[in-house]
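This briefing introduces selected strands and their pairing to a reader new to the structure. Please consult the sequence and the model shown below.

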Amino acid sequence: MKTTNLMRIAQGAAFAAFGVISVAGSSMAKEEKKAPNLIVVITDDQGYGDLNFTGNKAINTPHLDTLRSQGLLLDNFHVDPTCAPTRSALMTGRYSNRVGVWHTIQGRSMLRSREITMADIFGQNGYATGIFGKWHLGDAYPYRPEDRGFQHTVYHGAGGVGQAPDYWGNDYFDDTYLVNGKYQRFEGFCTDVWFDEGIKFIKDNKDKPFFAYISTNAPHGPLNTPEEYWMPYKDKPGVADPRFYGMITNIDDNMKKLMDFLDTEGLADNTILVFMTDNGTAYGHTNGGYMGGMRGSKNSEYEGGHRVPMIIRWPNGKVEAGSTIDRLTAHLDFLPTMIDLCDLDAPEIEFDGKSIRPLIYDPKAAWAERNLVVESQRVIDPIKWRKSAVMNDRYRLVNGEELFDLQNDPEQSTDIAKQHPEVVQQMRAQYDAFWADVSQEHDLTTYMAIGSDQAPVVALSSHDWLLKEYPSWNQPQVAEGKMAVESHWAIEVERDGDYEISLRRWPVEADKPINDGTYGKAFKFKKAMLRIGDIEQTVEIPYGAKEVTFKVTLKKGITKFSPIFIDGKFKATPYYAYITHKPFDGWQTPEGMGIPVYDPSYGRNKFGHQN
């Protein structure tokens, strides 16, 4: 079984049919109920201990502290140990291993097109939907946020500002982002932009229900932070990293701006405002920083890698201010819970999570014991037991071997597996059942589609190469005599026809020749070879050429695309490729693609000083 566009079309038709029935049948009732708005703020690489209200006395987060006092804290809430998997589970209510997102690169961060997202469901229920910041579930059609239910999109590429699919030269200050599919330059620090654009969207849609997903790339590295935020932390005792904490305090100020706006507009009471983070801390464990009494950090199977704070504030929903849920909950529960709280119509979905509404209104309510699994795979093909944690309210089984009693040992310092073999056996059985289920589709490949009118030009980058080992972000893959590792892009051709494929070392907006060394090592590639399906063509690279374009006829179906640049005994995979099924003169240029050329003099440097 392979995921194909035929499956996607069928699922889309089914969902559209659901939408007609549900919206038409309940619009009056929903209007009478005055459906609540939803705002989800999710930060990147901020851990449980990177907040004042969780016990960190060195960090300044007064406005998030206020939000905690006004809302409900899920204090035993878990996500995946890295970002893209967490976001896939949050968006679908299903295990990241089930929906195809168990890595952050290598073609394993694209949410399978068959999956129904939170934005799909809210949009089908009459909500305006918008995303602001980080997506990281696919940069090419049909995986972009605009393909997954978001009606208004302002976001950067890949998993972080400055990574391969992102606009070249972005460095957190005065950057260029995608706005509804078109590049637009912004002034200001990235986090400020995400909140400002989110607030504009909310203001434009305040007369109807809205779902705003404000997903910051901060405090993810590189730690490029405005001076006014990190300097107060310089040389201060207990600070893990001044720039990291500075980014978090900037987020805190933006939360105040958002909350003040909701108050001013009269939206606060009927808005479900959520704050959470996507995995354990990336920098909070350095220099003796506060870890919230937990072991492990980002990418860890131990508690500090995946236990994060979640706050839910909803005055009209009678969510008790200052209350706490200490039962085991997870990102998998969020979508079914929001469907329940917002009284949404939704198609039949086999959720791995469940609505926690009973706990929201009574944290001491009867709640069945359950086991949940989080993993950090970060490989092409998942490996059983790899960096895994099986969890219930009391115990954690780590990597199938170590057992920890969280009630008596929250720091996971003492392995008690030998003292409780029956617990180990029971939790190993739970993992075996989980693995037998989700691993059935680990062999599925997610294909980026070409030939759709929804994406006249498809941009590919090394971020989504499928290969065994990943090379430097900044250099093409180079080997002596042969490819170091056989790498390729997984492609689905949506229609028979003629295509043009442009190969580049540098992205189109960098506007540099293939052999240019301005941003890295200079090369002397003489030839370019196109390999796609059973087609293989080789051409000379003209002196000073910025791209080499091939014209080919492709048949509908799935295929491998593995071009190379050649210089005698050296070969390298092109870092970027652009494909269109609608050839027109000059499309391979920045102007032809509607992308502004990168200007190094524009904006600021990484320290926040004007260039």
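**Strand 27 and the sheet of strands 12 to 15**

Strand 27 is covered on both faces: Tyr576, Tyr578 and Thr580 on one side are buried, as are Ala577 and Ile579 on the other. Buried denotes under 20% relative accessible area, exposed over 50% and partly exposed in between, with a 1.4 Å probe and protein chains only. The model is predicted, so local features need pLDDT of at least 70 and side-chain atom pairs count only at pLDDT 80 or more, while totals for chains, interfaces and linings use all residues. Residues are numbered from 1 along each chain as its sequence is written, and side-chain values use heavy atoms, leaving out hydrogens and water.

**Strand 27 and its partners**

- Because 5 of the 5 residues of strand 27 (residues 576-580) are buried, this strand is largely enclosed by the rest of the structure.
- Strands (E, at least two residues) are DSSP runs numbered from the N terminus, and two of them pair if DSSP finds at least two bridges between them.
- Strand 17 (residues 457-461) pairs with strand 27 in the antiparallel sense over 5 bridges, and Val458 has Ile579 as its bridge partner.
- Strand 20 (residues 497-504) and strand 27 also form an antiparallel pair over 5 bridges, in which Arg504 stands opposite Tyr576.

**The open sheet**

- Four strands, in the order 12-13-14-15, form an open sheet with antiparallel pairing.
- Strand 12 (372-375) and strand 15 (402-405) stand at the edges with a single partner strand each, so one side of each lacks a neighbour in the sheet.
- Strand 14 (residues 395-398) pairs with strand 15 over 4 bridges in the antiparallel sense, and Val398 has Glu402 as its bridge partner.
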